[in-house]
Amino acid sequence: MLILTLASSGPARQQADQGLSSLLSKQQYEQLFPHHHALYTYEALIRAAGSFPGFAASGDRQLRLRELAAFFAHIAHETTNGWSGAKGGPYVWGLFYTEEQACLDGHCTQYNTGGTSPYKPVPGKSYYGRGPLQLTYAYNYGLAGAELDLPLLTDPGMVSRDGVVAFRTALWFWMKAQTPKPSCHEVMCGKWQPTAADQAALRRPGFGMTINIINGGVECAGDAPGPKGKRGKNRILPAYGGPAGNHRRKGL
């Protein structure tokens, strides 16, 4: 099981910041996300990465860049304001939204559940998608808050008010293995190997498995990792530099 290391200060954080900075400059970030919301600054991403020194830090430079590209493909898909005919293509519009737009009127009560977890929803609070990976459900807000030492269950809106918190929740979900699923980090770094049951269900190492982890119930055929229609392609194409198609946003 993946162990999260939260380094809020000191040499470990500085080393992590330098590692991500060496892969991505501010100029490159602005070119990738020229219409990003003011919340999603390059500096916020770099600071948030300090809590996760393992992110985009495994293997050689090519493997590290592959993980970063996969992460960016997902956050672009989750937050884009683009469409197929948008100027520059839909994925230059990534990181445009901080909240799930269809839920702003408060009707998305399906997310207000803690399931079997100890993290129960607080009356009057809504747990719809927020942040770069659109964190959803009370149980995710509760667990992320507990592990990041943030009051996310009582103040879920923090994810869409504070850029560092927003990126920390996205990186938390990316790095966090939640049984029976591995973490996206483990998959992209080659640290996850499918069991016989995974192989029978066509769950294999690679970008497709990260789609399954994030939103497999909607975008994958059954439990298989492969994309189903355009929605899966919308995640895959920006990761590999291809053109993007139509887009519909969906929380985790």
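Trainee: Why is the contact between Arg203 and Asp198 called a salt bridge?

Mentor: A salt bridge is a side-chain nitrogen of Lys or Arg within 4 Å of a carboxyl oxygen of Asp or Glu. The side chains of Arg203 and Asp198 meet at 2.7 Å, N to O, so the pair satisfies that rule. The model is predicted: local features need pLDDT of at least 70, side-chain atom pairs count only at pLDDT 80 or more, and totals for chains, interfaces and linings use all residues. Residues are numbered from 1 along each chain as its sequence is written, and side-chain values use heavy atoms, with hydrogens and water left out.

Trainee: How many salt bridges does this rule give?

Mentor: The count comes to 5 salt bridges. Among them is the pair Glu99 and Arg130, whose closest N and O atoms are 3.6 Å apart.

Trainee: What makes Arg130 count as buried?

Mentor: Buried means under 20% relative accessible area, exposed over 50%, and partly exposed in between (1.4 Å probe, protein chains only). Arg130 has 5% relative accessibility and therefore counts as buried. Arg203 and Asp198 are both buried as well.

Trainee: How do you know that Lys176 and Glu147 form a salt bridge, and which parts of the chain does the pair link?

Mentor: Their side chains meet at 2.9 Å, N to O, which means that the 4 Å limit is met. The pair links Lys176, in the loop between helix H6 (163-175) and helix H7 (184-188), with Glu147 in helix H5, 29 residues apart. Helices (H or I, at least four residues) are DSSP runs, numbered from the N terminus.

Trainee: Why is Glu147 called partly exposed?

Mentor: Its relative accessibility is 26%, so Glu147 falls in the partly exposed class, whereas Lys176, at 10%, is buried.

Note on methods
Helix = DSSP H or I, 4+ residues; strand = E, 2+ residues; numbered from the N terminus.
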